[in-house]
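Visitor: Could you take me through one part of this model up close? I'd like to look at the place where the two domains meet.

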Amino acid sequence: MARYTLHGMWPSGPTYKVGLMLRLTNTPHDYEHVDLRAGAHKADAFLAKNRYGQVPVLEDHEQDVCLSQSSVILDYLADETGQFGGKDRADRLRAREWQFWAAGPLTTGIYRTRAVKLGLFKFPDDVQAANLQSALGALKELDGLLAGRTWLVGAGPTIADIDIYGIVSYSGQAQIDLQPFANLRKWMDRVEALPGFKGPTECLPQASVKAP
Ligand SMILES: N[C@@H](CCC(=O)N[C@@H](CS)C(=O)NCC(=O)O)C(=O)O
């Protein structure tokens, strides 16, 4: 058995963030598909791993811990793998700032707009319009903050880049045009050039898989 098991579902953006981190750090792991449609995430066995009844969950069999919340999982894996954690504590705290920032209107705006476009959710028209405005406002802010920067924190890629890429990369499925955001598009190209990179539609298996 691999040290880690990622419990998730392939269309899930937060699961993708963790899958991407595991790929970029070349970390062997088992993958356990959680059938949300069948309610597997609300069954006692899953709730014992994650009280919130959501994917993703990362199980570390060596340390006997189960973690939820994709941003926390990335933080944990940065420590455990020694990769993408920044060069010092100040970098890590900056990365955490970005992750908390991204959990606001960027996440709500993009993921909810995408869910509507994919027919997974319905919102009243005014709520849908507000979600789109949230996404566009946050994307504009991000694009401005990326001016003159290669990565979000310091001189190299960190969990902040992986986390935020795992949100912004669903803009296409949300039918949000990134053309006006040139800094953002160049930064996305840099993330996509990292060794081991896989995009949101190819990173996660559609069924459970054991590590080779
Ligand atoms: N803040 C969480 C969000 C996780 C989340 O929303 N997961 C969704 C799938 S994308 C889920 O499990 N939804 C089922 C539910 O909430 O009942 C994270 O970043 O991990």
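Guide: Sure. For what follows, contact means heavy atoms within 4.5 Å. Keep in mind that this is a predicted model. The domain assignment splits the chain into domain 1, covering 4-81, and domain 2, covering 89-192. Taken over C-alpha atoms, their centres sit 21 Å apart. At the interface, 15 residues of domain 1 are in contact with 13 residues of domain 2.

Now for the area. About 1,200 Å² is buried between domain 1 and domain 2, and carbon and sulfur atoms give 58% of that. On the domain 1 side, Tyr16, Lys17 and Asp75 lose the most area to domain 2, and together they make up 36% of what that side buries.

Asp75 is worth a second look, since its side chain also meets that of Arg96 in a salt bridge, at 3.9 Å from N to O. With the cut-off at 4 Å, that pair makes it in. Across the interface of domain 1 and domain 2, the rule finds four salt bridges. As for polar contacts, the count between the two domains is six residue pairs, with both residues at pLDDT 80 or more.

So who supplies the domain 1 side? Helix 1 (13-24) and helix 3 (70-81) each bring at least two residues to the side that touches domain 2. Helix 1 has the largest share there, with seven residues. Sorted by class, that side of domain 1 holds nine nonpolar, three polar and three charged residues.

Conventions: Residues are numbered from 1 along each chain as its sequence is written. This is a predicted model: local features need pLDDT of at least 70, side-chain atom pairs count only at pLDDT 80 or more; totals for chains, interfaces and linings use all residues. Side-chain values use heavy atoms; hydrogens and water are left out. Domain bounds come from an automatic or database domain assignment. Buried area is the accessible area (1.4 Å probe) that two parts lose on being put together, summed over both. A polar contact is a pair of N or O atoms within 3.5 Å; within protein, one must be able to donate a hydrogen and the other to accept it, and residues adjacent in sequence count only if both atoms are side-chain atoms. Helices (H or I, at least four residues) and strands (E, at least two) are DSSP runs, numbered from the N terminus. Ala, Val, Leu, Ile, Met, Phe, Trp, Tyr, Cys and Pro count as nonpolar, Asp, Glu, Lys and Arg as charged, and the others, Gly among them, as polar.
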